[in-house]
Amino acid sequence: MADSFHRHSTASPQDADAVSSHDGAGPFHVNITNATPQTNLPLRQAFRQPICAPEPKIHDITEKFLKASNALEVGQLVKDDYFTLFESIGAIEILDPKMDSGFLKPGETLEDDYDTSRSLLPEEIIGIMDQLLCYEMAWHTGYPLSQTLFTSVYIDKLLWPEPKTLEQSQFFPNGESAHGPSAQSLLQVLRAYCLALIKGCDYVILKITSRDYFEEEDFCTQTYNRVLFVSTPMDVFLRELDAAVEVMEDTNFEIKDALRSAIISRLKFRQDFLRALDLDHPLEHMSSSWSPVLSGITTIKATHQLGQSVPGAFSTKMQRRLASTVPPRPIVEFDFKDALDLLEHICVDCEEATRFIDLPQDPLEYQSFLWTFASRLPAPLVYSRSYLSTLMFHPEILNTAVSLPLADVKTLVFPASLVLDPINWTLPPPRNPLLPKPPRLQLAMLIDEFVDRSGQPYLDLWVALSQNRCRLRRMLSHVITAWDLLQADASLVDTDLASAASELSITDQILEFSLSTWVYHKKLWMIEKVILLGFEQDIYLPDEFSGMHLFLSLIVTRRRELLTRIQTHHRTRHTQLLRERKLRLANEVAEAAPYLDSLAAEATGTAALSLALARFYMIAAYCGLLPVPKRPFSTESLRYELRMKPFLAVQPPEVPPFEDFKAHTQPYGPYTSPDPGFAADLRNERSELWAEVDGNVKAAKDAFTELKRLGAGAAKSQGVEKAWGKEVQNLLASCVALGVASAGVKDAVRKAGDAGDPKGLDIRAEIPDSGAKKRYAEGWIVVKIVKEA
Amino acid sequence: MAESGEGTKPAADLAAAGLQYVQYEGAKEEQYLPSIRQLISKDLSEPYSIYVYRYFLYQWGDLCFMALDNDSNLIGVIISKLEPHRSGTYRGYIAMLAVQESHRGKGIASKLVSMAIDAMAARDADEIVLETEITNTASLKLYERLGFLRSKKLHRYYLNGNAAYRLILYLKEGTALKRPEGGHAHDMGMDMPDMQRMDEAGMIS
């Protein structure tokens, strides 16, 4: 549907500073009518009231208007330059029921006449509470409050007109129902539940808006001028709930036990949930705050059928009361079961996020955690992602003695290096500023300069890792550009490091171009992730599989080469230190080896698997197993240019020229009409063609097995050991699946015999869907070869 | 479904079906706009105001094409625009496409899109973009058969919560390397740089 048409560009204030603001095409960064991105535009553009409006002056323009319009033909359109698409979208047509929020059909009333003081059955209380929970969860997935919680007549009563104190926030005047004290107490119970729910929403909005998110894409923070008890502390709500529990526990209050306990459990659930959402929850208690909520869900689930729905308690017409020009939109219906699943999903993700607190203090462990969290299926919702980001940027966590980028650099290129010797930082500069600084002080200053320079790009990567999956892919492309610039700067610092090192005669102790090597390594890693995310998100069409895997293998191979260079340097250094009997330092260098071995194994495996897939999909395309569209309006080279666009400005690595790319992906001519050499190679199972598939599958398997053997610790994934193990297992499974697919094709070729047409094989290739647990690893598409029935 | 035989039907078939393809003209507003609106809003939960149609048709009426039957009834329509994009390219955008349900699967949508592409190419466009719902396989297939590639997946692009793909077709070499003139992309006037959130209204499946 096209309803998103009405969305406006409402960038959250954070966006302005985030890396994402470079996203050339993201709609959220485009501020259309206002210079400040902070404005919170309603869904349709409302009239903006100037803050200090001058006295209005009235001019009669009738005559001018008539004169001017006489110059026009009937029906002739005039458009001024300031009438934009944005304006046209914001325009409404009066008396069109779908656009005019005040338009009423004959007999229709503007508002409902639901009486919030009417007495409710306990069953109805449960029904309303559970319905509210559904809407709360719908809101969490990204729908606006106006179509979810704010359709509740009860919520509206509590929030509007804006109460000055919480006591004023009532379903009926003075909190006294005309229907007697019994009705009153049950309504008070519902009120306590609603108040806590509203406060919870306040916390959710504050948590999400304190981090980078995308308004209306991830979440809708719009509250339509309703104030969600922002300044009332949590304790007040907990007390209201306590009082409600007391009402329910009163034995004089006659009610079936099952209903009594069902209502009490809902009140207690609200308490637990509110505590978990609390913004000031102490760090050390965060991990234990979610399990009470989770157990509350179980009880709610078990007693849901006791409830009775109260349809009149929710109405689309409530939207007319909100400060919005949009006509009422349908209420977002959410199954109760789905809502509970979602709630559980939030709790589980947040609980998992709290493990970040206890991670080993190592930026690479943090990075593994962030990547793994972002890869969870189902994908964490925006609240859980903001929850993790808040922990990640928590001062107690980020304020470590060593800078994050520096710790990362040290692990890769400077283990036991004189460059990072703390003594360097203690040397005093010469009294005469004209005299050259001692070389070791120069080293320290150069490193400081680099750390300073790399801080932002480093955090950009982390911010990208906390976005929704689609954004992650696009944002990484921008982070890569930033790291590309960083690499250029790093190589300048490297040159200065080298001259300081030569003054100290320690050139052989430092890896040449250490800093730029580190940057390049990380940059290549990000490019790999962007390509894999492309596969995961089904960005590439089947006939692009071969080429994109080939490009991936090219990138990983570059990274593998860097790693070899680093490993060689470390080994030499290790031997040298041993020879010099500097055992402590030698040991430090040796300790860096497992991480590099792990990186190398992972890179080797990834390069081999992607090359095997590149070759396999080439065969599949030549055999007509993959659809190749006709594309009358496009050429291969134009499509290649489009595909490579994110990487064209980056260097290194340079994007290969189209001719090279074509020569490697289509060595037998066009997919649709391969030259005879293809059929010959296809039938020859010992040909180079098949060797490249099977040999690489084997190489990948060996490398991933080695990766597994080295373990999560070596991979700096200790904190996510289980998920890491599963990921490696999935890579191995992908290798096996490719082996099976390759055997399936060979088998069909064999059966077809020497006279068989490569395009007439009795098989088809099934592409497993993404996100449906049909792929071993989401980023690795391995087709299933199925015999034609 | 627009699947079978889509894009392969020779023009003669289309003529045989008694359809004629016409470019929109401003003078025809009274005659055609009501039926264009009707056809497009059929698949929309919320209608576009008349100003949205006029925004496109007034400025880019020559990029709007209609399929009419013998009695001049509107069977299909495509609405597009073409203007400098802040990325530095001269970018075409397919805003709406709709074919009457009873006439789907006959290649009408493909023909309309092809006409729009030809018209934009003739006006020197660098690229053409559009968005479509990821679940709309017929639409994806139609554009991908013509040469479009998916460039981005857009999370919760539509108000119904569904994601979209942005599809792009390059028409000229060097498009990827174009940069905005005079540096900053965001300074390019007041106009919304692109209709990022615009769906092609019409479903073709």
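1. Two strands count as paired here if DSSP finds at least two bridges between them, and by that rule β2(B) and β3(B) pair in the antiparallel sense over four bridges. Helices (H or I, at least four residues) and strands (E, at least two) are DSSP runs, numbered from the N terminus. The model is predicted, and local features need pLDDT of at least 70, side-chain atom pairs count only at pLDDT 80 or more, and totals for chains, interfaces and linings use all residues. Residues are numbered from 1 along each chain as its sequence is written, chains are lettered from A and ligands numbered from 1 in the order in which they are written, and side-chain values use heavy atoms, with hydrogens and water left out.

2. Chain B as a whole comes to five helices and seven strands, which follow one another along the sequence in the pattern α-β-α-α-β-β-β-α-β-α-β-β. Of its 205 residues, 62% count as buried, where buried means under 20% relative accessible area, exposed over 50% and partly exposed in between, with a 1.4 Å probe and protein chains only. Among the contacts in chain B with a separation of 6 or more, 69% come from residues 24 or more positions apart; contact means heavy atoms within 4.5 Å.

3. The seven strands form an open sheet in the order β1-β2-β3-β4-β5-β7-β6 (chain B), and the pairing is mixed. At the edges stand β1 (20-23) and β6 (149-154) of chain B, each with a single partner strand, so one side of each is left without a neighbour in the sheet. From one strand to the next the twist averages 25 degrees.

4. Following the sheet from the β1(B) edge, β1(B) runs antiparallel to strand β2 (residues 65-68) of chain B and is joined to β2(B) by four bridges, with B:Val22 standing opposite B:Met66. Where β2(B) meets β3(B), B:Phe65 has B:Ile78 as its bridge partner. These two strands form a hairpin with five residues between them, and B:Ser72 in the turn has a positive phi of about 65 degrees.

5. Strand β3 (residues 74-84) of chain B deserves its own point: 10 of its 11 residues are buried, so β3(B) is largely enclosed by the rest of the structure. On the β4(B) side, β3(B) pairs in the antiparallel sense over nine bridges, and B:Ile78 stands opposite B:Leu97. The hairpin of β3(B) and β4(B) has five residues between the strands, and B:Gly88 takes a positive phi near 105 degrees there.

6. Helix α5 (residues 137-146) of chain B lies across β4 (90-99), β5 (127-133), β6 and β7 (164-170) of chain B, and runs at about 15 degrees to β7(B). For such angles, axes are lines fitted to C-alpha atoms, for helices over the stretch in contact, and values run from 0 to 180 degrees between N-to-C directions.

7. In chain A, the axes of helix α7 (residues 234-249) and helix α8 (residues 257-277) come within 10 Å and cross at roughly 170 degrees. α7(A) and α8(A) are therefore roughly antiparallel to each other, a label given to angles over 145 degrees, with those under 35 called roughly parallel, 65 to 115 roughly perpendicular and the rest oblique. The residues that meet include A:Phe237 and A:Leu241 in α7(A), and A:Ile264 and A:Leu267 in α8(A).

8. The loop between α6 (181-209) and α7 of chain A holds A:Thr232, which is buried, with a relative accessible area of 18%. Leaving aside neighbours within four places in sequence, A:Thr232 is in contact with A:Lys199 and A:Phe237. The C-alpha atoms of A:Thr232 and A:Lys199 are separated by 8.4 Å, although these residues lie 33 residues apart along the chain.

9. Two further buried side chains sit in helices of chain A. A:Gln367, in helix α11 (residues 363-374), counts as buried at 9% relative accessibility, and touches A:Asp408, A:Leu461, A:Leu465, A:Lys522 and A:Trp525, not counting residues up to four places away in sequence. A:Glu528, in helix α17 (residues 514-536), counts as buried at 3%, and with the exclusion of residues up to four places away in sequence touches A:Leu552, A:Ile555, A:Val556 and A:Arg559.

10. A final point concerns strand β1 (residues 763-766) of chain A, where the side chains alternate: A:Ile763 and A:Ala765 point to one face and are buried, whereas A:Arg764 and A:Glu766 point to the other and are not. Four bridges join β1(A) to the antiparallel strand β2 (residues 784-787) of chain A, and A:Glu766 has A:Lys784 as its bridge partner.
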